[in-house]
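Got your viewer open? Let's take a walk through this protein, one selection at a time.

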Amino acid sequence: MGYRTIVAGTDGSPTAQQAVERAARLAKLLGSKLVLVCAWSTESVAELDAEPTVQSAKAAVAALGVAADAVTVHGEPGPSLSATAAERGADLIVVGSVGMGQVKRFRLGGVAERAAHTAPCDVLIVRTGGAEPRPVRRRVYQGIVTGTDGSATASEAVRRAFDLGMMFETKVTVVYVAGDPLVGAISLERALAAKPKWVPVETLLVEGGDPAAMLAEVARTGGGELVVVGNKGVVGARRWMLSSVPVKVAHEATQDVLIAKTTDRSLEDLAPGQGGLVTVDGRKLAVYVEENGKIHSLSPRCQHMGCTVDWNGADRTWDCPCHGSRYRYDGEVIHGPAKKALDRAEAGD
């Protein structure tokens, strides 16, 4: 995973300044391009104030050693940030949990929530509501908390947390919240299969309770500064929809929250050296992009009993969560019980 382009929203308020600073420090650490956006409308910043506001933010990040593009957009802040992210091919939107409007405050459920609902990429919601800025340091975040329920999309969010753990050189805590401890133990074991060798990971099984509240509580009591959740989750009665667990976590957590785009990913979302499950022409494919740009498109259906494979970024393999079959990045079998390679399914088929 790489955040090559980051879009951050500002309206000149102190809380927006905190979000912009966080975006700038991420851009500096990751070598990302930073785009600052000020949306103007009758509900937010006046048109005449938009350009001075975004230029002021540009000057502030320049003082941190970060160059940024500065743009103004006519429209509501949340959708405007998403539209700009789509136009710029951004991988991450950064927005404050409170702010975006000097006269009329948009609290969480407004700008941040609208951006999360419409974003074409990950969304980082920076906890800004009057809180003191975090101390300046290289890691940006110390301690990451994420949750799993064993689903493919939850597994993708866990992998995102592991990637961030590598970037920030910090511990990742993986939490399972459910009433069945056996299923929880299995889900946590599968989550650990994708763990990079040198990222410290702690697993925690919480029996029962509300998943959003438990994740927020673990982060609060365990010292985690960032909570990572997927934008959707499991099927059936325990479905983690964007309107429930991710947004509830964003409301309840006292830490920053990253809502990772784990569903509806497209081929364009994969950078060289990355793999993942993506949607191409309405079909779900397992795709790996080599460093030279060569694309390997495969059926995600395991050849053993038909389960859906997951991408293991640490080992560059496709792993079946059901019975342990493992395939190379190009679909060839590494070990069984599967005996056949994954079927080819080119994007143009």
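Here is a tour that goes from the whole chain to single strands, a loop and a helix.

**Stop 1: the whole chain**

Before you click on anything, keep in mind that this is a predicted model. Show the chain as a cartoon and you'll be looking at eight helices and 17 strands. How many of the 349 residues count as buried? The share is 53%. Switch on the surface next: the accessible area comes to about 14,800 Å², and 52% of that belongs to carbon and sulfur atoms. The chain also folds back on itself in terms of contacts: among those with a separation of 6 or more, 66% are between residues 24 or more positions apart.

**Stop 2: strand β9**

Now select residues 226-230, which make up strand β9. Are they buried or exposed? Five of the five are buried, so β9 is largely enclosed by the rest of the structure. Turn on the side chains and see which way they go: L226, V228 and G230 point one way, while V227 and V229 point the other way.

Then add the neighbours of β9. Select β6 (144-147), which pairs with β9 in the parallel sense over three bridges. Here I144 stands opposite L226. Next, colour residues 256-260: this is strand β10, joined to β9 by five bridges and also running parallel. Which residue in β10 is the bridge partner of L226? That's D256. In general, strands of a sheet pair through backbone hydrogen bonds.

**Stop 3: T128 in its loop**

Keep D256 in view and pick T128, which sits in the loop between β5 (122-126) and β6. T128 is buried, with a relative accessible area of 0%. Try a distance label between the C-alpha atoms of T128 and D256: the two are 128 residues apart along the chain, yet the separation is 8.6 Å.

**Stop 4: helix α6**

Time for a helix. Select residues 181-192, the twelve residues of α6. From its first C-alpha to its last it reaches 16 Å, close to the 16 Å expected at 1.5 Å a residue. Which residues of α6 are buried? Colour G184, S187, L188 and A191. Now look down the axis of α6: those buried residues fall within an arc of 100°, so they line one face of the helix. Why can a helix have a face like that? An α-helix has 3.6 residues a turn, so residues three or four places apart point the same way. Spin around to the other side of α6 and you'll find L182 and E189, which are exposed.

**Stop 5: two open sheets**

Move along to the three strands in the order β11-β12-β13, an open sheet with antiparallel pairing. The edge strands are β11 (275-280) and β13 (295-298), each pairing on one side only. Neighbouring strands here are turned by 35° against each other on average, direction ignored. Zoom in on β12 (residues 283-289), which four bridges join to β13; one spot to click is V287, whose bridge partner in β13 is S297.

Last, select the four strands β14-β15-β16-β17, another open antiparallel sheet. At its edges stand β14 (310-312) and β17 (333-335), each with a single partner strand, so one side of each is left without a neighbour in the sheet. Finish on β16 (residues 326-328), which two bridges join to β17: click R326, then its bridge partner H335.

Methods: Residues are numbered from 1 along each chain as its sequence is written. This is a predicted model: local features need pLDDT of at least 70, side-chain atom pairs count only at pLDDT 80 or more; totals for chains, interfaces and linings use all residues. Side-chain values use heavy atoms; hydrogens and water are left out. Two strands pair if DSSP finds at least two bridges between them. The expected span of a helix is 1.5 Å times one less than its number of residues. Buried means under 20% relative accessible area, exposed over 50%, partly exposed in between (1.4 Å probe, protein chains only). The arc is that of the directions from the helix axis to the C-beta atoms. Contact means heavy atoms within 4.5 Å. Accessible areas come from the Shrake-Rupley method with a 1.4 Å probe; for residues, only the protein chains shown count as cover. Axes are lines fitted to C-alpha atoms, for helices over the stretch in contact, and angles run from 0 to 180 degrees between N-to-C directions.
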